Amino acid sequence: MIQVAINGYGTIGKRVADAVREQPDMEVLGVAKTRPNFEAETAVKKGYPLYAAIEERADWFAEAGLEIAGPVEDLVERADIVVDATPSGIGAENKSLYEEYDTPALYQGGEDADLVDASFNARSNFEAATGAQHVRVVSCNTTGLSRVIAPLQEAYGVEKVRATLVRRGGDPGQTSRGPINDILPDPVTIPSHHGPDVETIFPDLDIDTLGMKVPATLMHMHSLNVTLESAVDAADIRERFADESRLFLIPEAMSIDGSGKLKEYAHDAGRPRGDLWENCIWEESISTVGRDCYLFQGIHQESDVVPENVDAIRAVLGAADATESIETTNEHIGIDF
Ligand code: NAD
């Protein structure tokens, strides 16, 4: 059993912990937090050993009635791998800790690409992480774009990608984020940083991205235009995408008109936390005009990177190949849309 430590138990960390727990070849050795809060409380209730990310604050947990298993150093030392899911920039600060104990580490999309040996997306470059000591699971948006670009590139060749990312202002729990009543070009400079991030997965890709931020919390929305190397029928692309396990083609008959109903569907289907691990592509939006393919996709920022973290664990440790890992992860998380 692969012993997995999770350092940073927030939006991403708590979901990765639950996904790891479901896998037949992995165990959650423990989770580390900086302070006691509702997430620390539920971590303990779920039976995850709780470690203090900042040793001097161990008393805070005791005062909140939460038992601490030890300092984060103990957890890192005993783990086969650490998933760092701390806020952007903190992962970089933690790197020396993982190096000190020679424990391989996964970081998240908020960290710089040059922090790590490889950036990772299971569908696109699984092998790049094998044997690496420091790997970054790319951001929710880069994950969403990579999952679509990989099959298009393999089947038809991609000349150019143009994507407009309409991004949620903050996650549902991020009460300090915004905008509350505005539409922001964000970043206002064009192209946005998202394109170069996708190039960490596809180094030879020609991609331009534009970003916006809107008063929404549920999901991001991508408007995508991919110029292919030859003219392709939209029906052919739909068929190909239907074979991709992490692309959910929303059937027209479902009458899902946006992120709200998508999340409602996920809740109705019994998904934990209403998570949508797949890209949610409106099937009828997949269109072609000559060599140009167009589509709209919803990206659930809180959860699409979760199966990718599970796969990255196996990739780094050489525990499975891409196909085997993706199938195992999908089956045990319950990716079935
Ligand atoms: P979050 O704020 O929800 O969770 C981070 C957790 O780490 C919090 O519990 C925080 O208290 C804890 N923490 C802070 N400093 C720490 C330290 N020194 N040691 C241990 N824990 C510490 O953040 P998040 O949204 O889960 O983001 C984590 C990473 O994932 C970031 O790199 C982010 O860019 C990336 N990411 C976030 C999203 C998203 O939409 N939320 C999507 C994809 C990737």
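**An annotated domain, a buried helix and a set of salt bridges**

In the UniProt record, an unreviewed entry, residues 2–140 carry the feature "domain: Glyceraldehyde 3-phosphate dehydrogenase NAD(P) binding". The structure described here is a predicted model. Across residues 2–140, helix accounts for 35% of the chain and strand for 24%. The C-alpha atoms at the two ends of this stretch lie 25 Å apart.

Helix α7 covers residues 140–156 and offers a simple check of helix geometry. Its 17 residues, at 1.5 Å a residue, should span 24 Å, and the end C-alpha atoms are 25 Å apart, which agrees. Of the 17 residues of α7, 14 are buried, so the helix is largely enclosed by the rest of the structure. Just after α7 comes G157, with a positive phi of about 80°.

Attention now turns to charged side chains. Side chains of opposite charge can pair when their charged atoms come close. In this model, 24 salt bridges are counted.

One of them joins E39 to K14, with 2.9 Å between the closest N and O atoms. This pair links distant parts of the chain, as E39 sits in helix α2 (residues 38–45) and K14 in helix α1 (residues 11–21), 25 residues apart. Buried means under 20% relative accessible area. E39 therefore counts as buried at 10% relative accessibility, and K14 counts as buried at 14%.

A salt bridge within a single helix is formed by E41 and K45, both in helix α2, with an N to O distance of 3.3 Å. The two residues are 4 apart, about one turn of the helix. An α-helix has 3.6 residues a turn, so residues three or four places apart point the same way. E41 is partly exposed, at 35% relative accessibility, while K45 is exposed, with a relative accessible area of 67%.

A further salt bridge pairs D186 with K213, the closest N and O atoms being 3.9 Å apart. D186 lies in the loop between β10 (184–185) and α8 (194–199), and K213 belongs to strand β11 (residues 207–214), so the salt bridge ties together parts that are 27 residues apart in sequence. D186 is partly exposed, with a relative accessible area of 24%, whereas K213 is buried, at 17%.

Salt bridges can also share partners, and in this way D25, R147, R246, E308, D311 and R314 are joined into one network.

Technical notes. Residues are numbered from 1 along each chain as its sequence is written. This is a predicted model: local features need pLDDT of at least 70, side-chain atom pairs count only at pLDDT 80 or more; totals for chains, interfaces and linings use all residues. Side-chain values use heavy atoms; hydrogens and water are left out. UniProt positions are given in the numbering used here, feature names are shortened, and annotations may be inferred rather than shown by experiment. The expected span of a helix is 1.5 Å times one less than its number of residues. Buried means under 20% relative accessible area, exposed over 50%, partly exposed in between (1.4 Å probe, protein chains only). A salt bridge is a side-chain nitrogen of Lys or Arg within 4 Å of a carboxyl oxygen of Asp or Glu.
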